[in-house]
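Reader: Please give a close account of the nonpolar core of this model and of the residues around it. I should like the overall fold first, and then the surroundings of the core in one connected description.

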Amino acid sequence: MISVPIRDMSGGECGTYTFDPADVSDSICKQLLHDAVVMYRSNRRVGEVQTKSRGMVAGSTRKLFKQKGTGRARAGSIRTPVRRGGGHAFGKLPRDFYYRMPKKAVRKAMRMALLSKFEDSQAVVVKQWECPEIRTKQIVGFLQSVGLSGQTVLLATEGVDRNVHRS
């Protein structure tokens, strides 16, 4: 059984919440968590890098000089990758880094992450959100009283509370 203290808006403890970890997830698989994080981060990548190849670089396509009789090495286009101002031989192209894991695997990874937070005492249960108006100061005051100021925080509410969302 995992026991988590219940806090009120002032940051004081007003009870404990006890639950069975098997209700959230049966175990924590680090590999599945890693795969979910890598998928999330790769899906956020934009991948808009691009360099110009010899066909994209501005310039004439005529042969620089005739093939024989000049005593020089044979040469074709002025935009070949060997020459200054030429295109890249194997230039980078835009790429889509998006991929998907199965939905059940993503849901299971989310449950494992929540269980890990509860086991490490990094999760806080709040008795009741009292946010009658849209005020950021109330939320900031609560986070400071609990000791979570300056950290990334996930707020999960029952239903949609517009005031909490906008605060």
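Author:
**The core and its setting**

Along the sequence, the protein chain follows the pattern β-β-α-α-α-β-α-α. In this predicted model, the secondary structure therefore comes to five helices and three strands, as assigned from runs of residues. The C-alpha trace spans about 95 × 40 × 25 Å along its principal axes. The radius of gyration of the protein chain is 29 Å, whereas a compact globule of 167 residues would have a value near 15 Å. Of the 167 residues, 21% count as buried. Among contacts between residues at least 6 apart in sequence, 60% join residues at least 24 apart.

Against this background, the core can be described. In soluble globular proteins, nonpolar side chains tend to be buried together. The largest nonpolar core here has nine residues in all: M9, W129, C131, I139, F142, L143, V146, L148 and V164. Helix 4, which covers residues 136–146, gives the most to this core, with four residues. A second, separate core has seven residues, including L32, M39, A105 and A109.

Within the largest core, M9 can be followed through its contacts. Leaving aside its neighbours within four places in sequence, M9 is in contact with Q128, W129, E130, F142 and S145. Of these partners, W129 and F142 are themselves members of the core.

C131, another member of this core, counts as buried, at 7% relative accessibility. A disulfide is a covalent bond between the sulfur atoms of two cysteines. A search of the whole structure finds zero disulfides. C131 is in no disulfide, and the nearest cysteine sulfur, that of C14, is 18 Å away. Because a disulfide requires cysteine sulfur atoms within 2.5 Å, the separation of 18 Å between the sulfurs of C131 and C14 does not qualify. C14 has a relative accessible area of 36% and is partly exposed, whereas C131 is buried.

Q138 offers a view of the core from helix 4, in which this residue lies. At 28% relative accessibility, Q138 counts as partly exposed. Apart from neighbours within four places in sequence, Q138 is in contact with E130, C131, P132 and E133. One of these partners, C131, belongs to the largest core. Q138 and the core residue V164 are 26 residues apart in sequence, and their C-alpha atoms are 9.6 Å apart in space. E130 is a contact of both M9 and Q138.

Aromatic rings provide a further set of links. A pair of aromatic rings is described by the distance of the centres and the angle of the planes. The model holds two aromatic pairs. F19 and F118 form one that is edge-to-face, with 5.1 Å from centre to centre and 75° between the planes. F19 lies in strand 2 (residues 13–19) and F118 in helix 3 (residues 103–119), so this pair ties together parts that are 99 residues apart in sequence. F19 is buried, with a relative accessible area of 8%. Ring pairs link Y17, F19 and F118 into a cluster.

Helix 3 leads on to S121, which lies in the loop between that helix and strand 3 (125–126). Most residues other than glycine have a negative phi, and most peptide bonds are trans. S121 has a phi near 55°, a positive value in a residue other than glycine. S121 is exposed, with a relative accessible area of 66%.

Helix 2 supplies another local setting. S42 is found in this helix, which covers residues 30–43. With a relative accessible area of 12%, S42 is buried. Neighbours within four places in sequence aside, S42 is in contact with F97 and Y99. F97 has a further partner in R45, which lies over the face of its ring, at 3.6 Å from the ring centre. S42 and G85 are 43 residues apart along the chain, and their C-alpha atoms are separated by 33 Å.

To return to the subject of the request, the largest nonpolar core joins residues from M9 to V164 in sequence numbering, and helix 4 gives the most to it.

Terms used: Residues are numbered from 1 along each chain as its sequence is written. This is a predicted model: local features need pLDDT of at least 70, side-chain atom pairs count only at pLDDT 80 or more; totals for chains, interfaces and linings use all residues. Side-chain values use heavy atoms; hydrogens and water are left out. Buried means under 20% relative accessible area, exposed over 50%, partly exposed in between (1.4 Å probe, protein chains only). Rings of Phe, Tyr and Trp (its six-membered ring) pair if their centres lie within 6.5 Å; planes under 30 degrees apart count as stacked, over 60 as edge-to-face and the rest as tilted. Helices (H or I, at least four residues) and strands (E, at least two) are DSSP runs, numbered from the N terminus. A charge sits over a ring if NZ of Lys or CZ of Arg is within 6 Å of the ring centre and within 35 degrees of the ring normal. A nonpolar core is a set of buried Ala, Val, Leu, Ile, Met, Phe, Trp, Tyr and Cys residues joined through side-chain atoms within 4.5 Å. Contact means heavy atoms within 4.5 Å. The radius of gyration is taken over C-alpha atoms; the globule rule is 2.2 Å times the number of residues to the power 0.38.
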